[in-house]
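Please load the model in your viewer and keep the selection tool at hand. The tour below proceeds from one selection to the next.

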Amino acid sequence: MVEKGGGGPAHLLLLGLLVFFSIGGAKAHRRLSGDLRRSHSLVRLRSERLLASISAGAAPSPILASSSSSRVYHVTDYGADPSGKTDSTAAISRALSDAFSKPSNRSLLAGIADLGGAEISLDGGSYLISSPITLPSSPTGNLKIHSGSLLASDDFPTGRYLIELWSSPTAASPTSTSAYSYEYITLAGLMLDANYRAGGIAVVDSLRTLIDGCYIVHFATDGIWVQDGHETFITDSFLGQHITAGNDPGERNFSGNAIRLIGNDNSVTDVVIFSAAIGILVAGQANILTGVHCYNKATGFGGTGIYLKLPGLTQTRIVNCYLDYTSIVSEDPVQLLVSGSFFLGDANIVLKSVNGVMRGVAIVDNIFSGNGNGVDIVALDETAGAFRTVDQVVVERNSVDGMTVRSTAARAAKEGNGTSWTVDFSGVLLIPNRIDQVQYAMQTGLGFFNHALRNVSGNQVLIESDKVVQATVFVEGLFGD
């Protein structure tokens, strides 16, 4: 039996070997360079850790084999503390520096070096960081950071992000250039806790970035910010300023944006946003949002599920989403599709006039379930001025319960005994005083007589006959062609 802290034969033999390799390795290290030196440093670091554990009487942990050709960089090999007790910023940065030091002889987009699929593994640990995790500024791509958690320290700089794919983060504001800083960077399986001091992830001037399976909380500004660049895909992720599952007593005070997209051709798919003032803020063209569930901050408390802030050039598709007590707002919508989505708790769609333009809008095949408060499923906000240019707008085939139907097509029947029949569509048609087409039929048992459409104004249709008859008039009023 060997007492704790003692040295049995096996331990003494191992201790001697470790001392031999550590001393001999220190001399050899000076004669090595490049990749061999880095590989040797890792072996030496593991040996020193094992020596320390044996000296303390602890059971030695197994030594993992390491290949000099491996492109998987474990942050714990660089001294990162997976318990989150000490600052791991420098250690993670060293791992990134090593990953970037060995690009392949290939390139992705012209001028962007290919790292060949190098990985930064967080080894399932939780790491305290005091400054942003940034990538070296050289244009590089094909890298993955994954499998662990990052927590902002109490002195983490405000206004920054835990992970920054941004070659010039110290600039006052990013400037769009023709060159991309990074390509095909994957952030996967990460939990990011911004500690109410910073944002989660910043992606600036980057191409084909993938954010997959992440959980981002306690952000002060944005959970994810995408600026310029191209084709950022955000998928299978959860974001919330506060960790809650709804009905939070502090919901009125939620702030920040879960996702802020200031760029083109991005995709947000299968994402849950459970707390923030604005779920997704979009100010770029040709973006698609699908399978998004927003219950971030109820519209009744001043929140917005999805805010499209690009007047006159929306070009956004919102498909198969769930707006849970949170509305969609679109400024001067041009080429906007909202389809196959579910709106709960008086959540609706607000089309907001900025310059009075609304064109190419399709709001079709959605489900609206309200609380019986008379809220319009689609509403016009003309506080800043009326919509003056309206064309190709279709609001139809929506299923509505407990809310007021609004549409660009309406049908009604009016029965009476007389010479005139007025059908009022103002309570249904979305666009005021704008009926472009009318079709009607008159049913009576009194034989033939003359009748005609006499007037269309104020979304009312007037039909008159040349004699008094008992008849029913069936009318359809349409906006658009």
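**Salt bridges, stop by stop**

Begin by selecting D222, which counts as buried at 3% relative accessibility (buried means under 20% relative accessible area, exposed over 50%, partly exposed in between, with a 1.4 Å probe and protein chains only). The model is predicted: local features need pLDDT of at least 70, side-chain atom pairs count only at pLDDT 80 or more, and totals for chains, interfaces and linings use all residues. Residues are numbered from 1 along each chain as its sequence is written, and side-chain values use heavy atoms, with hydrogens and water left out.

Add R260 to the selection: its side chain meets that of D222 in a salt bridge, 2.8 Å from N to O (a side-chain nitrogen of Lys or Arg within 4 Å of a carboxyl oxygen of Asp or Glu). Because R260 lies in strand 14 (residues 257-264) and D222 in strand 12 (residues 222-230), the pair ties together parts that are 38 residues apart in sequence. Strands (E, at least two residues) and helices (H or I, at least four) are DSSP runs, numbered from the N terminus. R260 is partly exposed, with a relative accessible area of 21%.

Next, select R208 and E183. Their closest N and O atoms are 2.7 Å apart in a salt bridge. R208 is in the loop between strand 9 (206-207) and strand 10 (210-212), and E183 is in strand 7 (residues 182-193), so this pair ties together parts that are 25 residues apart in sequence. R208 is partly exposed at 39% relative accessibility, whereas E183 is buried at 7%. Extend the selection to E231, which is linked with E183 and R208 in a network of salt bridges.

Move now to S181, in the loop between strand 6 (161-165) and strand 7. S181 is buried, at 10% relative accessibility. Display its side chain together with that of S167 to see a polar contact of 3.1 Å (a pair of N or O atoms within 3.5 Å; within protein, one must be able to donate a hydrogen and the other to accept it, and residues adjacent in sequence count only if both atoms are side-chain atoms). Beyond its neighbours within four places in sequence, the contacts of S181 include P139, T140 and V204 (contact means heavy atoms within 4.5 Å).

Finally, select D376 and R406, a salt bridge with the closest N and O atoms 3.4 Å apart. D376 is partly exposed at 21%, while R406 is buried at 17%. A search of the whole structure finds 11 salt bridges.
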